[in-house]
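Visitor: I am new to this structure and would love a tour. Could you take me through it step by step?

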Amino acid sequence: MKYDIKSKLSDQFLETKIELLEYLINQAKQGKSNKSFTQDIDNYLSEKEHFPYMTSYCMVGPKYGLGCLLGHFLYHYINEPDFTKQVFLLTDLLEYIQAFRPSKNALLKQTTTVKLIGLIEDFGIFSAFFRNSDHRPLRIHYIPYDRADSNGHYYPNLNIIALYKYKENSYPEYVFIHEIAHLITHNLTGSPHKVPDSFNEFNKTFHPTWKPRSTDDIIEIFVDLFSIAIMAETEFASRNPLIDRFSDHGLKMIKDYFITLTRKLKYAKQSPILSRLAQKPPGTS
Ligand SMILES: [Zn+2]
């Protein structure tokens, strides 16, 4: 009988995910292909993920968030023809899953997420921009566990934001906007490791003495300043721990920079389907 991968993905328990990964790793180690599970994974994902009409993102709640996140990784990994490489990828994924810990803390609410997306749209960034350059929509997966190393992650190749249960004294609203900013940098530069050239110029005036230690350093500064631009002077300002560190003048400079940057962005990256619709004369269907 064929291994029932869908039922292993369908609950929120870490144990079943670990068992599934161990099974797939074993198969690959014996040189047996896992490819035949591709369709089952695809079916599982399309059953559980629903994209509301005309939106460029979907949210997958804590019940199926972990299964769907894992499903997206597996969909690619099990098609790796080199078994040694496949074992390596799956083992990495197993370690990622094993680092989740049960937690009594909360997750960011989906209703709050929608409000935060509203803030981004009010700032002038269409949610159409959440699609990546392949027009792959954004998935937001709520994972009902926490992990020591972070409160959330953005996976650029999958265009997924995974949000974990947050720790005491942390700000899940800020984490979400921070992760969205990673998506924006990726869309702007085509790389998760680069910031727009204009940001390096901006930094020379904004922070003349500061020298980044690494490229990742400057990316984290970019995404943090983005979160400030979006959240300052809104009902969520108190949910961003960085805003208080800047003077009014500093906040204005940050905001002005991101307004100029994102004005260009929404036209440059608008999806072809939406731009065609936008160009239709009113009254035609
Ligand atoms: Zn970051």
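Visitor: Which residue in β4 is the bridge partner of His141?

Guide: Welcome, and please keep in mind that this is a predicted model. Strands β2 (residues 138-143) and β4 (residues 160-164) run parallel and are joined by five bridges. In β4, the residue that pairs with His141 is Ala162.

Visitor: And which residue in β4 does Ile140 stand opposite?

Guide: We stay with β2 and β4, the parallel strands joined by five bridges. Across from Ile140, in β4, is Ile161.

Visitor: What is the order of the strands in the sheet?

Guide: The sheet is open, has four strands and shows mixed pairing. One part of that mix is β2 with β4, which run parallel, and another is β3 with β4, which run antiparallel. From one strand to the next, the twist averages 15 degrees. The order is β1-β2-β4-β3.

Visitor: Which strands stand at the edges?

Guide: A strand at the edge has a single partner, so one of its sides is left without a neighbour in the sheet. The strands in that position are β1 (57-60) and β3 (152-155).

Visitor: How many residues lie between β3 and β4 in their hairpin?

Guide: These strands run antiparallel and are joined by four bridges. Among the facing residues, Gly152 has Leu163 as its bridge partner in β4, and Tyr155 stands opposite Ile160. In the turn, Asn159 has a positive phi of about 50 degrees. The number of residues between the two strands is four.

Visitor: Which residues along β3 point to one face and are buried?

Guide: The side chains of β3 alternate between two faces. His153 and Tyr155 point to one of them and are not buried. The buried residues, pointing to the other face, are Gly152 and Tyr154.

Visitor: How many of the residues of β4 are buried?

Guide: Both faces of this strand are covered. Ile160, Ala162 and Tyr164 are buried on one side, and Ile161 and Leu163 are buried on the other. The count for β4 is therefore five of five.

Visitor: At about what angle to β3 does helix α7 run?

Guide: Helix α7 covers residues 172-189 and lies across β2, β3 and β4. Its angle to β3 is about 15 degrees.

Visitor: Let us move to the other helices. Is the crossing of α3 and α4 left-handed or right-handed?

Guide: The axes of α3 (residues 38-48) and α4 (residues 65-77) come within 10 Å and cross at roughly 145 degrees. Residues meeting there include Ile41, Tyr44 and Leu45 in α3, and Cys68, Leu74 and Tyr75 in α4. By class, this contact has six nonpolar, four polar and two charged residues. The crossing is left-handed.

Visitor: Is α4 roughly parallel or roughly antiparallel to α5?

Guide: Helix α5 spans residues 83-98, and its axis lies 10 Å from that of α4. The two helices pack at an angle of about 170 degrees. Because an angle over 145 counts this way, α4 and α5 are roughly antiparallel.

Visitor: How many charged residues does the contact of α4 with α5 have?

Guide: From α4 come Leu70, Phe73 and Tyr77. From α5 come Gln86, Leu89, Leu90, Leu93 and Ile97. These divide into seven nonpolar and one polar, and the number of charged residues is none.

Visitor: Is Asp82 buried or exposed?

Guide: Asp82 sits in the loop between α4 and α5. Its C-alpha atom is separated by 9.1 Å from that of Ala28, and these residues are 54 apart along the chain. A residue with 12 or fewer C-beta neighbours counts as exposed. Asp82 has 10 inside 10 Å, so this residue is exposed.

Visitor: What is the phi of His135, roughly?

Guide: His135 is in the loop between α6 (110-122) and β2. This residue is exposed, with 12 other C-beta atoms within 10 Å. Its phi is positive, in a residue other than glycine, and is near 65 degrees.

Visitor: In which loop does Glu233 lie?

Guide: Glu233 has a positive phi of about 60 degrees, although it is not a glycine. With 10 other C-beta atoms within 10 Å, Glu233 is exposed. Its place is the loop between α9 (215-231) and α10 (248-268).

Methods:
Residues numbered from 1 in each chain as written. Predicted model: local features only at pLDDT ≥ 70, side-chain atom pairs only at ≥ 80, totals over all residues. Axes fitted to C-alpha atoms, helices over the stretch in contact; angles between N-to-C directions. Left-handed = near helix turned anticlockwise from the far one by under 90°. Contact = placed C-beta atoms within 7 Å. Nonpolar A, V, L, I, M, F, W, Y, C, P; charged D, E, K, R; others polar. Parallel < 35°, antiparallel > 145°, perpendicular 65-115°, else oblique. Pairing = 2+ DSSP bridges. Buried ≥ 20, exposed ≤ 12 C-beta atoms within 10 Å, placed from the backbone.
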